[in-house]
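Student: I have a model open and want to go through how its parts pack. Can we start with helix contacts?

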Amino acid sequence: MTLHLAVALDGAGWHPAAWRAKGARPDRLFTAAYWAELVIEAERGLLDFVTFEDSLGLQSSRFEGPDDRLDQVRGRLDAVLLAASLAPLTSHIGLVPTTSTTHSEPFHIAIGIASLDHVSRGRAGWRPRVSPRPDEAAHFGRREFPPLDLSDPIVTRHVRDLFGEAADAVEVVRRLWDSWDDDAEIRDVATGRFVDRDRLHYVDFQGEWFDVKGPSITPRPPQGQPLVTSLAHDTLPYEFAAQGSDVVYVTPRDRAEAEAITGRVRAAEDAVGRSEPPLHVFADLVVFLGDDAADRKARLDELDGGALASDALVFTGTPERLADLLLDWRAAGLSGYRLRPGTLPHDLTAITRGLVPALQARGAFRGAYETTVLRERLGLPRPAGRYQKAS
Amino acid sequence: MTKQIHLAAHFPGVNNTTVWSDPRSGSQIDFESFRHLAQTAERGKFDFFFLAEGLRLREMKGRIHDLDVVGRPESLTVLSALSAVTTRLGLAATVNSTFNEPYEVARRLASLDHLSGGRAAWNVVTSYDAFTGENFRRGGFLAEEDRYTRAAEFLQTVRELWDSWAPDAVAADAATGAFVRPGGITPFRHQGRHFDISGAFNVPRGPQGHPVIIQAGDSDEGREFAASAADVIFSRHSKLEEGRAFYRDVKRRLAAYGRRDEDLKILPAVTYVLGDTEAEAAERAAEIRRAQVSPQTAIAFVEGVWGRDLSGHDPDGPLPDLEPELEEGVSKGRAQFRGDRGAVAAKWRALAEEKNLSIRELVIEVAAPQTFIGTPVSVAAEIDRFVQTDAADGFIFVPHLTPGGLDDLVDKVVPILQEKGVFRADYTGPTLRDHLGLAPRPGPSGLAPHPKETS
Ligand SMILES: Cc1cc2nc3c(=O)[nH]c(=O)nc-3n(C[C@H](O)[C@H](O)[C@H](O)COP(=O)(O)O)c2cc1C
């Protein structure tokens, strides 16, 4: 079976000094052409999908909140809109933007991702994330969040609440996607009706954080349910993923940890009573590829004034060596990887033109796209709408 | 002086303008429909392509209104996709200012402006009702009289966010190691009645500085808001005399804000029907009107105004011999039936009696207006006359067919306008502000700030 390979795109790459690397195009980060080149290259490499990072505040070198550094990339485009702009330029690759479940309206998210699925004809995914930072909350002025001191029990409760709210947001979004039956539009001239109202459904969600009535204003997306993916480092987010995601990104440092984490993910599935299918578990890796990878990374570390800090393992080495690692860890129960290129476009091109052929040569990666539908690529059937009456 | 005409294309949907029963009528949701209409508009050198918004499916008599041509995508998402298949066309999204927050709207519009190379526009609308609010976190939190105080402060705040990045903030200078120029990003702080927010905006200033602002309100507050802060008004006053009155009324409000007539373009929503002869066009127009007002649509309109269930009435018979029920009403989510329904009912009754109209004939008369009917030559002449006599600065065309409904306008009428020298033969600049002849927005460190921004 083929490995699943996704690439996470962000700015000039995942090293904070990537914009200063040779071949970088830092003056073009906010242009459509920059992103088009990257995603067309990813599609050329037959990758499953690309993800787009996003947040509702400036990037920072500090987890807790903003910094005042001007020597790193600051500023981003809205991920859903960026993904949409790439849809007409590609035909197979999945497009998976990030949005905040903390501050964005679930209704707006639902119609945005559904629309991305319509414009890409079934290639949309979504990565919901929580926004715990107090500075981001101040951009909205509706809630006050505590300083992010993770040893503070108030913060533990705060984060737990945000994940609870996020789970509700995912539930609402999924209900809204199903709120139009596939055959709701009838165009019945005899009765003058454009839609059959019995095939449109109120979602009537009532929860601790918000209520949403529905139905959606957007017809059911081509995939029925676009692919939901989330990044998780601990039990709480594993359970969040198990409740509502199709793919979970995890961050093991070695194969043993990969085994331990997939075990914890399966336990989380049991704990929340997940029904089939099981989560796809993808390991996230930051990658610097090529014979000179370690030198390139060291040089960027030096420019940035410190070694790259990452939640994920930082790999430096040749595409062949990376292929070895991916196939070795795979036995830990991973179905794929999300690679975060250290620099763009260099490490993306090394994936598409180095890693992919290496995996293909070992019979571990597809030689052509078999479907244009993202869910299908991941072996997920198109679900019937939850409100649709069996006909 | 001869005025230059501004033209825009409206993707049809929701109300009964759209003739979905026509065999040529295509999908309302497939991206190809959006691409076709947008590329047609760009072929015609139109100023912009426009998408409407409605955040809750409308209801009649407590149930979803199934005659509505519903099912549309999120505007900004589709426009971002269209930015990749067009190069000059402006892209205008309707986005509500009640059920959104400034930080998010500012970043989404700035993002579209970047992705499109300076072609973004925002139609600020103000639905505030509790019915729509049921789809959102805060529910129906806003009183009607506050819809424009919030909209004005919302827009003001969004402009502050756009201005918080200097035009040259992104240095991206690998040699010196400065990605952001020192002082390039100014922290913002807005404290007002509706918003109390502070921090740092996270999208660089877009190519237009500020995307184009469109406003579609009609009340006195709506007009004042437009005069103070909008670049374009999307109006419903498409008849010559009422168009002139509206035009005069709004333009005279500009001086108080230190603005000139040319700073605000007035573009009514219009429809058109072409024929090889005037008679043929008139015949087609009548056919289209009948298709737009099905028997069921006719009854639904009268129900909306009367506020009663009239399903037992014959659409080909006379108006009901009943007084309108003015309290609750039967229609939800529809601006049209918000006003003084008693007065509308009286007017309709008088008209029906005077002309001896059935229910359906009456609704065809009052609810399916067509603006320009004729040969390409006569329609071009009418369009020009409306503009040159100050009934409008141009028009937003709403086709009755998706997606081919503007094909013949672009093929047959636009060339005549171009020949007359009243409409551009080609785009003269890359941005929507260029197409509309609007001044570029100076940066925060730039020249004259917008009058509103100093207040
Ligand atoms: C031509 C035109 C188009 C409009 N399009 C929309 C729309 O797409 N979405 C929306 O919520 N409201 C739309 N509106 C409604 C206006 O925003 C406004 O609520 C309505 O005109 C009532 O004006 P008032 O609030 O000033 O009384 C439109 C209005 C007009 C005149």
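Tutor: Yes. Contact here means heavy atoms within 4.5 Å. Keep in mind that this is a predicted model.

Student: Fine. Which residues of α3(A) meet α5(A)?

Tutor: On the α3(A) side they are P106(A), F107(A), I109(A), A110(A), I113(A) and A114(A). They meet A169(A), V172(A), V173(A), L176(A) and W177(A) of α5(A).

Student: What does that contact look like by class?

Tutor: The contact of α3(A) with α5(A) has 11 nonpolar residues, no polar ones and no charged ones.

Student: And the geometry: at what angle do α3 and α5 of chain A cross?

Tutor: Roughly 50°, with the axes of α3 (residues 106-119) and α5 (residues 153-178) of chain A coming within 9 Å. The two helices are therefore oblique to each other. The crossing of α3(A) past α5(A) is right-handed.

Student: What about α9 and α10 in chain A, how do they pack?

Tutor: Helix α9(A), residues 319-330, packs against α10(A), residues 346-361, at an angle of about 55°, and their axes are 9 Å apart. That angle makes α9(A) oblique to α10(A). Here too the crossing is right-handed. From α9(A), the contact uses P319(A), E320(A), L322(A), A323(A), L326(A) and L327(A). From α10(A), it uses A350(A), G354(A), L355(A), A358(A) and L359(A).

Student: How many of those are nonpolar, polar or charged?

Tutor: The α9(A) contact with α10(A) has nine nonpolar residues, one polar and one charged.

Student: Switching to chain B. What is the order of strands in the barrel?

Tutor: The closed barrel has eight strands and runs β1-β2-β5-β6-β11-β12-β13-β17 in chain B, with parallel pairing. From one strand to the next, the twist averages 30°. As one pair, β1(B) (residues 6-10) and β2(B) (residues 48-51) run parallel over three bridges. Within that pairing, H10(B) stands opposite F50(B) of β2(B).

Student: Which strands do helices α2 and α3 of chain B touch?

Tutor: Helix α2(B), residues 75-83, packs on the sheet and touches β2 and β5 (90-96) of chain B. Its direction makes about 170° with that of β5(B). Helix α3(B), residues 102-115, also packs on the sheet, touching β5 and β6 (120-125) of chain B. The direction of α3(B) makes about 150° with that of β6(B).

Student: There is an open sheet in chain B as well. Which strands are at its edges?

Tutor: The sheet has three strands in the order β4-β3-β15, paired antiparallel. β4 (63-64) and β15 (331-332) of chain B are at the edges, each with a single partner strand, so one side of each has no neighbour in the sheet. Strand β3(B), residues 59-60, pairs with β15(B) over two bridges. One bridge partner pair there is E59(B) with K332(B).

Student: And β9 with β10 in chain B, parallel or antiparallel?

Tutor: Antiparallel, over four bridges, between β9(B) (residues 188-191) and β10(B) (residues 196-199). A hairpin of four residues joins β9(B) to β10(B). Q191(B) has D196(B) as its bridge partner in β10(B).

Student: Last topic, the two chains. How much area do they bury?

Tutor: About 6400 Å² between chain B and chain A, with 61% of it on carbon and sulfur atoms. In residue terms, 74 residues of chain B are in contact with 75 residues of chain A.

Student: Which three residues of chain B supply more of the area than any other three?

Tutor: W20(B), R137(B) and F179(B), which supply 14% of the area that chain B buries against chain A.

Key: Residues numbered from 1 in each chain as written. Chains lettered and ligands numbered in written order. Predicted model: local features only at pLDDT ≥ 70, side-chain atom pairs only at ≥ 80, totals over all residues. Heavy atoms only, no water. Pairing = 2+ DSSP bridges. Axes fitted to C-alpha atoms, helices over the stretch in contact; angles between N-to-C directions. Parallel < 35°, antiparallel > 145°, perpendicular 65-115°, else oblique. Left-handed = near helix turned anticlockwise from the far one by under 90°. Nonpolar A, V, L, I, M, F, W, Y, C, P; charged D, E, K, R; others polar. Buried area = accessible area lost by both parts, 1.4 Å probe.
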